[in-house]
Amino acid sequence: MGRPGGDVTHRSLDGVRVRLTGPHDLGRPCTSVARIADRGRLHEISSGTRADALSWADDIGVDRFDEEFRIQDGRLRVGRTETHDPDTGQRDPVLAAMWEGRRHAVFTHLYHARPADAVAFFGTVRLAEHDDGIVAVPRGRARRPEPAEL
């Protein structure tokens, strides 16, 4: 990992490793975002530390995680919240899904979904945790339509 005034390597969700060098603290955790297309739907996933995932869940209004599943050498936790459009009054249920590894996590949200939908979605990617991040490889008919962002 990095140190102030040194260099560091971070890994994006598509496996690309980026080495940064400079006088600043570049070793702080970074996040990555990727899109996964499967069966006519486009899902956005993010990765970061477990603390990043918990902060994201709090930001979208998840009070607690209701269920937990062991998958791909980690745990998938799901919680519920809803979106609210103040202009129209429209409310939509949202299922927050967070896969946790040893140090890193992958997180996403699914509209009008059940926990089984989150398990099925995470089955469309093969997750591999490394010291410098997580790689999510689409499998089956799932595809990554564009490179991940770091």
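Among contacts between residues at least 6 apart in sequence, 45% join residues at least 24 apart in this protein. The model is a predicted one. The protein holds two helices and 10 strands, and from the N terminus the elements follow the order β-β-β-β-α-β-β-β-β-α-β-β. Its radius of gyration is 16 Å, close to the 15 Å that the globule rule gives for 150 residues, so the protein is as compact as a globular protein of that length. Along the principal axes, the C-alpha atoms fill a box of roughly 50 × 35 × 30 Å.

Burial and surface come next. Of the 150 residues, 42% count as buried. The accessible surface amounts to about 8,600 Å², and carbon and sulfur atoms account for 46% of that area. The protein has 23 positive and 24 negative charges, and the mean positions of the two sets lie 7 Å apart.

Helix α1 spans residues 50–59, and its buried residues are Ala53, Trp56 and Ala57. Viewed down the axis of α1, these buried residues fall within an arc of 100°, so they line one face of the helix. An α-helix has 3.6 residues a turn, so residues three or four places apart point the same way. The buried residues of α1 pack against four strands: β4 (41–49), β5 (65–71), β7 (91–100) and β8 (104–111). On the face of α1 turned away from the buried side are the exposed residues Ala51, Asp58 and Asp59. After α1 comes Gly61, with a positive phi near 95°.

In the second helix, α2, the buried residues are Pro115, Ala118, Phe121 and Phe122. Seen down the axis of α2, they fall within an arc of 120°, so they too line one face of their helix.

The loop between α2 (115–122) and β9 (125–130) contains Thr124. Thr124 counts as buried because its relative accessibility is 8%, below the 20% cut-off for burial. Leaving aside neighbours within four places in sequence, Thr124 is in contact with Ile36, Asp38, Val137, Pro138, Arg139 and Ala142.

One of these partners, Ala142, belongs to the segment after β10 (133–138). Ala142 is buried, with a relative accessible area of 0%. Not counting residues up to four places away in sequence, Ala142 touches Ile36, Ala37, Asp38 and Thr124. Ala142 and Asp38 are 104 residues apart in sequence, yet their C-alpha atoms are 4.5 Å apart in space. Ile36 and Asp38 are among the contacts of Thr124, and both also appear among the contacts of Ala142.

Two loop residues other than glycine remain to be described, each with a positive phi. Arg39 has a phi near 50° and lies in the loop between β3 (32–38) and β4. Its relative accessibility is 61%, so Arg39 counts as exposed, the cut-off being over 50%. His112 also has a positive phi, of about 50°, although it is not a glycine. His112 is found in the loop between β8 and α2, and with a relative accessibility of 55% His112 counts as exposed.

Definitions and conventions. Residues are numbered from 1 along each chain as its sequence is written. This is a predicted model: local features need pLDDT of at least 70, side-chain atom pairs count only at pLDDT 80 or more; totals for chains, interfaces and linings use all residues. Side-chain values use heavy atoms; hydrogens and water are left out. The radius of gyration is taken over C-alpha atoms; the globule rule is 2.2 Å times the number of residues to the power 0.38. Buried means under 20% relative accessible area, exposed over 50%, partly exposed in between (1.4 Å probe, protein chains only). Contact means heavy atoms within 4.5 Å. Accessible areas come from the Shrake-Rupley method with a 1.4 Å probe; for residues, only the protein chains shown count as cover. Lys and Arg count as positive and Asp and Glu as negative; His and the chain ends are not counted. The place of a charge is taken as NZ of Lys, CZ of Arg, CG of Asp or CD of Glu. The arc is that of the directions from the helix axis to the C-beta atoms.
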